[in-house]
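Please look through the model below with an eye to its cysteines, its surface and its covered parts. A short report follows.

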Amino acid sequence: MRREGPGVVGVPGVAGLAGTPGAEATSASGGGARDTLRTEFEFELPRGYVDEAGTVHRRGAMRLATARDELVPLRDVRVRENPAYLSVVLLGRVITRLGTLGDVHDGTVENMFASDLAFLQDFYRQINAEGHTRAAVACPHCEQSFEVELAGSRLGES
């Protein structure tokens, strides 16, 4: 069962898969409303993955990671030999869709451009650690409260 609900808000080039952020769903019994959690988030790669036929794939989706997603790669021989490979294996597990590719796996991720890998690593942190990309702040001069976007849609933006 896929749960949907609030998630990454206001990131240019990044849209949630379903539901409106902050929307509530009603229970099947017609009773009150219940909170829902969106577990899958769309993204657009800065450059795009180029497959063996030369097709560029930029739009995709990533799901929230589970504890198992973070533990299983630690048993992978490639990760034991080179800890930097951890993010490749982990991203291969949580990317659910990329363009028209039938299957996304660690082999797909290891053939991505470095800028796309960096983007996906940052996106992974945003949706799994913080849960959103906006923060409440106050102006140091007038003390007016407002929200700022912590992440851009492209590498190097903030």
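## Cysteines without a bond

The sulfur of cysteine 139 has its closest cysteine sulfur in cysteine 142, 3.6 Å away, which is too far for a bond. This is a predicted model. A disulfide needs the two sulfur atoms within 2.5 Å. Seen from cysteine 142, the closest cysteine sulfur is that of cysteine 139, again at 3.6 Å and too far for a bond. The structure as a whole holds zero disulfides.

How do cysteine 139 and cysteine 142 count, buried or exposed? Cysteine 139 counts as buried because its relative accessibility is 19%, and buried means under 20%. Cysteine 142 counts as exposed because its value is 52%, and exposed means over 50%.

The table sets out these values, with phenylalanine 113 added.

| Residue | Relative accessibility | Class |
|---|---|---|
| Cysteine 139 | 19% | buried |
| Cysteine 142 | 52% | exposed |
| Phenylalanine 113 | 42% | partly exposed |

## A nonpolar surface patch

Phenylalanine 113 sits in the loop between α4 (106-110) and α5 (114-130). At 42% relative accessibility, phenylalanine 113 is partly exposed. On the surface, Phe113 joins Val50 and Val56 in a nonpolar patch. Together the three residues have about 240 Å² of accessible area.

## A covered helix

Which residues of α3 are buried? They are Ser87, Val88, Val89, Leu90, Leu91, Gly92 and Val94. Helix α3 spans residues 86-94 and is mostly covered, with seven of its nine residues buried.

Note on methods. Residues numbered from 1 in each chain as written. Predicted model: local features only at pLDDT ≥ 70, side-chain atom pairs only at ≥ 80, totals over all residues. Heavy atoms only, no water. Patch = residues over 30% accessible without salt bridge, like charges linked within 9 Å, V, L, I, M, F, W, Y side chains within 5 Å. Areas by Shrake-Rupley, 256 points an atom, 1.4 Å probe, with all protein chains shown as cover. Salt bridge = Lys/Arg side-chain N within 4 Å of Asp/Glu carboxyl O. Helix = DSSP H or I, 4+ residues; strand = E, 2+ residues; numbered from the N terminus. Buried < 20%, exposed > 50% of the residue type's maximum accessible area, 1.4 Å probe, protein only.
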